[in-house]
Amino acid sequence: MHDRQLWDLLYDVEELLTQQEISREPWRVQPRMTREQQLEQLAREIASCRRCSLSEGRHCSVPGQGPVDPEVMVVGEAPGSQEDQQGLPFVGAAGQYLDKWLAAIQLDRRSNVFIGNIIKCRPPNNRDPLPAEQDACLPYLKAQTALLKPKSILCVGRIAAQIMLGSSDGIGRLRGTIHDYSGIPLVATYHPSGVLRNPEYRRPVWDDLRLLRTLLDRQTHA
Ligand code: SF4
């Protein structure tokens with residue numbers, strides 16, 4: 001696929017997401033490409049992307065990781081140092097902690113969870129992503145969401161929740177309830193690294209994880 005075709009695909013997805021709910025039926029922009037192939041193509045594009053200045057300081061971009069038909073898509077903010085080195089999402093201490101959260105509600109990144117970030121390249125010193133960087137990178141996540149069609153989304157951390165929900169509220173206000181993201185239920189909670197620093201967040205996180213589990217169980221039996 002040439003660059004022009006890929007960006008046509010991304011803009012088609014943006015239009016799709018803004019105009020209607022994501023279809024649960026197979027969605028194919030390129031009839032000759034499977035969803036796996038389209039996701040692989042997106043990952044290759046992200047690996048070589050130069051759409052914003054974060055490409056200059058990165059070691060690796062981090063497209064995301066997980067199965068093609070996930071129950072849940074976890075969305076974080078941006079890669080950290082270890083993720084930048086390995087090209088994989090949530091691989092440091094926060095990632096191991098996230099894996100424990102997921103295991104507690106019968107989820108696993110190897111079988112039923114896709115893990116990604118809004119920003120695919122590490123911001124210097126882990127600063128918050130700038131609006132121009134968000135605008136440049138968000139089409140990738142939107143395209144992944146449309147291709148993956150997760151049953152639910154779990155947003156971790158303030159920045160990810162604010163960007164996904166178009167809100168300026170803090171995570172304390174955004175967590176604890178079910179939001180809607182283009183027809184997909186979305187639960188927001190604290191970021192695992194924040195909970196490692198602030199154990200008082202453990203209880204609300206557990207409440208949010210149970211809310212997500214209940215939501216998934218309802219979807220299974222609907
Ligand atoms: S952060 Fe996103 S838009 Fe910027 S260079 Fe990396 S992949 Fe491209």
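These legends describe close-up views of a predicted model.

**View 1. The shell around the ligand.** The ligand takes up the space of the largest cavity. Two elements each give two or more residues to the shell around it: helix 3 (54–57) and helix 6 (131–148). Helix 6 supplies the largest share, three residues. Residues around the ligand include Cys49, Cys52, Cys121 and Cys137. Arg51, Arg58 and Lys120 are also among them, as are Leu54, Ser55 and Tyr140. By class, the shell holds eight nonpolar, one polar and three charged residues.

**View 2. The hairpin of strand 4 and strand 5.** Strand 4 (residues 178–181) and strand 5 (residues 184–189) run antiparallel. Four bridges join them. One pairs aspartate 180 with proline 185 of strand 5. Two residues lie between the strands of this hairpin. In the turn, serine 182 has a positive phi of about 50°.

**View 3. The two faces of strand 4.** Side chains in a regular strand alternate between the two faces of the sheet. Strand 4 shows this alternation. His179 and Tyr181 point to one face and are buried. Ile178 and Asp180 point to the other face and are not buried.

**View 4. The largest pocket.** The volume of the largest pocket is about 610 Å³. Its lining counts 27 residues. Nearest the centre lie Glu77, Ala78, His191, Ser193 and Arg197. Helix 4 (81–86), helix 5 (93–104), helix 7 (158–165) and helix 9 (192–197) each give two or more residues to the lining. The lining divides into ten nonpolar, eleven polar and six charged residues.

Terms used:
Residues numbered from 1 in each chain as written. Predicted model: local features only at pLDDT ≥ 70, side-chain atom pairs only at ≥ 80, totals over all residues. Heavy atoms only, no water. Near = heavy atom within 4 Å. 1 Å grid on protein atoms, 1.4 Å probe; cavity = no way out; pocket = protein on both sides within 12 Å on 5 of 7 lines; lining within 4 Å. Sits in = over half its atoms within 2 Å of the grid points. Nonpolar A, V, L, I, M, F, W, Y, C, P; charged D, E, K, R; others polar. Buried < 20%, exposed > 50% of the residue type's maximum accessible area, 1.4 Å probe, protein only. Pairing = 2+ DSSP bridges. Points joined across faces, edges and corners; volume = space filled by probe spheres on them.
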